[in-house]
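This briefing is intended for a reader who wishes to relate the sequence of a protein to its modelled fold. Please consult the sequence and the structure shown below while reading.

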Amino acid sequence: MAFSSGGSGGAMADINVTPLVDVMLVLLIIFMITAPLMTHKVKVDLPEANLDKKQEPLPTPPITVAVQDDGSLFWNDEPVTKEMLESRFSVEAQKTPQPQVNVRGDKTTKYRIVNEVVKTAQAQGMRKVGFVTVRDRSSN
């Protein structure tokens with residue numbers, strides 16, 4: 001216990017911070033020594049990226065599949081059968097980037113026939129399948 005040198009002779013109420021500072025300095029030195037050791041252990045020579053010019057993928061023209069009311073199918077205005085359509089979808093699905101498929105259905109075509117074309121495209125792996133419509137002229 002520490003005694004004051006003053007005349008009152010009572011105990012000091014202040015905390016001695018010297019041991020606390022000593023412990024903190026030792027911990028600081030330990031962390032300074034071990035921090036560089038926590039970095040990556042395996043050295044890898046990483047490639048450098050050229051960010052000046054980005055190579056964008058070449059745009060691929062969309063595929064247009066037309067469906068008439070009698071069920072006849074056209075691949076980019078070329079008549080095809082259902083089997084040919086399926087094989088062409090599977091070939092196009094393997095390309096990178098994958099082209100978009102635009103389905104054009106006649107106004108009087110039954111939805112079942114258009115749905116079969118869309119399901120065939122999706123079953124072969126085509127991700128971008130959309131519909132082509134015309135704007136209603138009465139709403140202008």
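The points that follow describe the overall architecture, two helices, selected residues and the backbone geometry. The model is predicted. It comprises three helices and five strands, arranged along the sequence in the pattern α-β-β-β-α-β-α-β.

**Overall architecture**

- The protein has 140 residues, of which 17% are buried.
- Among contacts with a sequence separation of 6 or more, 61% join residues 24 or more positions apart.
- The exposed surface amounts to about 12,000 Å², and carbon and sulfur atoms contribute 58% of that area.

**The annotated segment**

- An unreviewed UniProt entry lists residues 20-38 as "transmembrane region".
- In the model, this span is 79% helix and 0% strand, and its end C-alpha atoms lie 27 Å apart.

**Helix α2**

- Helix α2 occupies residues 82-93.
- The 12 residues of α2 should span 16 Å at 1.5 Å a residue, and the 16 Å between the end C-alpha atoms agrees with this.
- The buried residues of α2 include L85, F89, E92 and A93. These residues lie on the same side of α2, because the arc that they cover around the axis is only 100°.
- E83 and V91 are exposed on the other side of α2.
- The cover over the buried residues of α2 includes β1, β2, β3, β4 and α3.

**Helix α3**

- Helix α3 consists of 13 residues, 111-123, and its first and last C-alpha atoms are 18 Å apart, close to the 18 Å expected at 1.5 Å a residue.
- I113, V114, V117, V118 and A121 are buried in α3. They are placed on the same side of α3 because they cover an arc of only 140° around the axis.
- The face turned away from the buried side of α3 carries the exposed residues Y111, R112, K119 and A123.
- The elements covering the buried residues of α3 include β1 (63-67), β2 (73-75), α2, β4 (101-105) and β5 (129-131).
- G125 follows α3 and has a positive phi, near 105°.

**Q98 in the loop between α2 and β4**

- Q98 is located in the loop between α2 and β4. Its relative accessible area is 6%, so Q98 is buried.
- A polar atom of the Q98 side chain lies 3.0 Å from the backbone oxygen of A93.
- The Q98 side chain also reaches the backbone nitrogen of R127, at 2.7 Å.
- Leaving aside residues up to four places away in sequence, Q98 touches T60, E92, A93, G125, M126, R127 and K128. Among these contacts, E92 and A93 are buried residues of α2, and G125 is the residue with positive phi that follows α3.

**Two strand residues: N102 and P79**

- N102 belongs to strand β4. It counts as buried because its relative accessibility is 15%, which falls under the 20% cut-off.
- Beyond residues up to four places away in sequence, N102 touches P62, I63, T64, V65, G130 and V132.
- P79 lies in strand β3. With a relative accessible area of 57%, P79 is exposed.
- P79 touches L73 and F74, with residues up to four places away in sequence not counted.
- The C-alpha atoms of P79 and V65 are separated by 9.6 Å, and the two residues are 14 residues apart along the chain.

**Backbone geometry**

- Most residues other than glycine have a negative phi, and most peptide bonds are trans. The next points list departures from these patterns.
- The peptide bond from T96 to P97 is cis, with omega near -5°. P97 is situated in the loop between α2 and β4, where Q98 is also placed.
- N76 is not a glycine, yet its phi is positive, near 50°. N76 sits in the loop between β2 and β3 and is partly exposed, with a relative accessible area of 39%.
- D77, likewise not a glycine, has a positive phi of about 65°. D77 lies in the loop between β2 and β3 and is exposed, at a relative accessible area of 63%.

Conventions
Residues are numbered from 1 along each chain as its sequence is written. This is a predicted model: local features need pLDDT of at least 70, side-chain atom pairs count only at pLDDT 80 or more; totals for chains, interfaces and linings use all residues. Side-chain values use heavy atoms; hydrogens and water are left out. Helices (H or I, at least four residues) and strands (E, at least two) are DSSP runs, numbered from the N terminus. The expected span of a helix is 1.5 Å times one less than its number of residues. Buried means under 20% relative accessible area, exposed over 50%, partly exposed in between (1.4 Å probe, protein chains only). The arc is that of the directions from the helix axis to the C-beta atoms. Contact means heavy atoms within 4.5 Å. UniProt positions are given in the numbering used here, feature names are shortened, and annotations may be inferred rather than shown by experiment. Accessible areas come from the Shrake-Rupley method with a 1.4 Å probe; for residues, only the protein chains shown count as cover. A polar contact is a pair of N or O atoms within 3.5 Å; within protein, one must be able to donate a hydrogen and the other to accept it, and residues adjacent in sequence count only if both atoms are side-chain atoms.
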